[in-house]
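I sat down with a fresh page and a cup of tea to look through this structure. Here is my notebook, in the order I looked things up.

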Amino acid sequence: MNSRFFYFGLIIFIILISFVVYITQVLRLPIDFSSFYASILSLKNQQSPYQTQVLSFLNITKSSTLNLNTPFFVIIVSPLALLSYIKAFYFWQVLSMLALVYSGFLTLNIYPKQPKSYLLALFFSYPVLMNFLLGQLCSFLFLFIILGLQFERRNKQKLAGLCWGLATAIKLF
């Protein structure tokens, strides 16, 4: 697979994800990120992030399901409360995209004989597209898991354990 085709596919992926993110925000759909954001706003207001919350920052007023994320996750994403919902969501999606792309390149370093087309197949897979549509945190988990694998292969068990521990601390289930 030539590099020009790969980079063209990567650009198409970024455009597609940008469109999905834009549509999600124009419609102000209640997504997983809405629950994250409501939780960090509760934490900012010194309330429990583990209660049903009203998502007043969406076009529609809707109750959020309980936050099912770990306290560690809520604390590390709490700086997003300094931004408006839209800005926080876009920032989250950009970080998520960077984490996914970096994870993909790390995967190619770990398995160098795999063609780059596998990376494009990963980017256009249903789970990845849904991760961006719903504002989930799978890209970050993937990054920590792949980093842990890379450290393990380099015989750096403590760093591998740290990465895998972070992935577990962010999302237990």
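The entries below go from the overall fold to single residues.

**Entry 1: the whole chain**

I began by noting that this is a predicted model. I then looked up the secondary structure and found eight helices and two strands. Read along the sequence, the pattern is α-α-β-β-α-α-α-α-α-α. I wrote down that the chain has 173 residues, of which 41% are buried. For the accessible surface I noted about 9800 Å², with 69% of that area on carbon and sulfur atoms. I also looked at contacts between residues at least 6 apart in sequence: 68% of them join residues at least 24 apart.

**Entry 2: the nonpolar cores**

Which residues have the most contacts inside the largest nonpolar core? I found Phe33, Ile40, Phe73, Leu80, Trp92 and Leu137, in a core of 29 residues. Several helices feed this core with at least two residues each: H2 (32-44), H3 (71-76), H4, H7 (138-153) and H8 (157-170). There is also a second, separate core, which has 13 residues and includes Phe6, Leu10, Met97 and Leu108. As a general reminder to myself, nonpolar side chains in soluble globular proteins tend to be buried together.

**Entry 3: Phe33 and its ring partners**

I stayed with Phe33 and listed its contacts, leaving aside neighbours within four places in sequence. They are Leu80, Tyr85, Ala88, Phe89, Trp92, Leu134 and Gly135.

Next I turned to aromatic rings, and the count came to 12 aromatic pairs. In one of them, Phe33 and Tyr85 sit 5.8 Å centre to centre with 45° between the planes, a tilted arrangement. This pair links distant parts of the chain, with Phe33 in helix H2 and Tyr85 in helix H4, 52 residues apart. Both Phe33 and Tyr85 are buried.

Why is the pair of Tyr85 and Phe89 stacked? Their planes are at 20°, and their centres are 6.4 Å apart, so the pair is stacked; the cut-off for that label is under 30 degrees. Tyr85 and Phe89 are four residues apart in helix H4, which puts about one helical turn between them. Phe89 is buried, as is Tyr85.

I then followed the ring pairs outward. They link Phe33, Phe36, Tyr37, Phe73, Tyr85, Phe89, Tyr90, Trp92 and Phe140 into a cluster.

**Entry 4: two serines in H4**

Is Ser96 buried or exposed? Ser96 lies in helix H4 (residues 85-110), and at 0% relative accessibility Ser96 counts as buried, because the label applies under 20%. The side chain of Ser96 makes a polar contact of 3.1 Å with the side chain of Ser139. Not counting residues up to four places away in sequence, Ser96 touches Asn131, Phe132, Gln136, Ser139 and Phe140.

Ser103 also has its place in helix H4, and Ser103 is buried at 0% relative accessibility. I checked where its side chain goes: the side chain of Ser103 reaches the backbone oxygen of Ala99 at 2.6 Å. With neighbours within four places in sequence left aside, Ser103 is in contact with Ser139, Phe142, Leu143 and Ile146. Ser139 thus appears in the contact lists of Ser96 and Ser103.

**Entry 5: cysteines**

How many disulfides does the count come to? I got zero. For two cysteines I looked up the exposure as well. Cys138 is partly exposed, with a relative accessible area of 40%, whereas Cys163 is buried at 7%.

**Entry 6: far in sequence, separated by a few ångströms**

Phe6 belongs to helix H1 (residues 3-27) and is buried, with a relative accessible area of 0%. The C-alpha atoms of Phe6 and Lys116 are separated by 6.8 Å, though the two residues are 110 apart along the chain.

At the other end of my list is Leu172, in the segment after H8. Leu172 counts as exposed at 59% relative accessibility, since the label needs over 50%. From Leu172 to Thr70 I noted 7.2 Å, C-alpha to C-alpha, with their positions 102 residues apart in sequence.

Notes
Residues are numbered from 1 along each chain as its sequence is written. This is a predicted model: local features need pLDDT of at least 70, side-chain atom pairs count only at pLDDT 80 or more; totals for chains, interfaces and linings use all residues. Side-chain values use heavy atoms; hydrogens and water are left out. Buried means under 20% relative accessible area, exposed over 50%, partly exposed in between (1.4 Å probe, protein chains only). A polar contact is a pair of N or O atoms within 3.5 Å; within protein, one must be able to donate a hydrogen and the other to accept it, and residues adjacent in sequence count only if both atoms are side-chain atoms. Contact means heavy atoms within 4.5 Å. A disulfide is a pair of cysteine sulfur atoms within 2.5 Å. A nonpolar core is a set of buried Ala, Val, Leu, Ile, Met, Phe, Trp, Tyr and Cys residues joined through side-chain atoms within 4.5 Å. Accessible areas come from the Shrake-Rupley method with a 1.4 Å probe; for residues, only the protein chains shown count as cover. Rings of Phe, Tyr and Trp (its six-membered ring) pair if their centres lie within 6.5 Å; planes under 30 degrees apart count as stacked, over 60 as edge-to-face and the rest as tilted.
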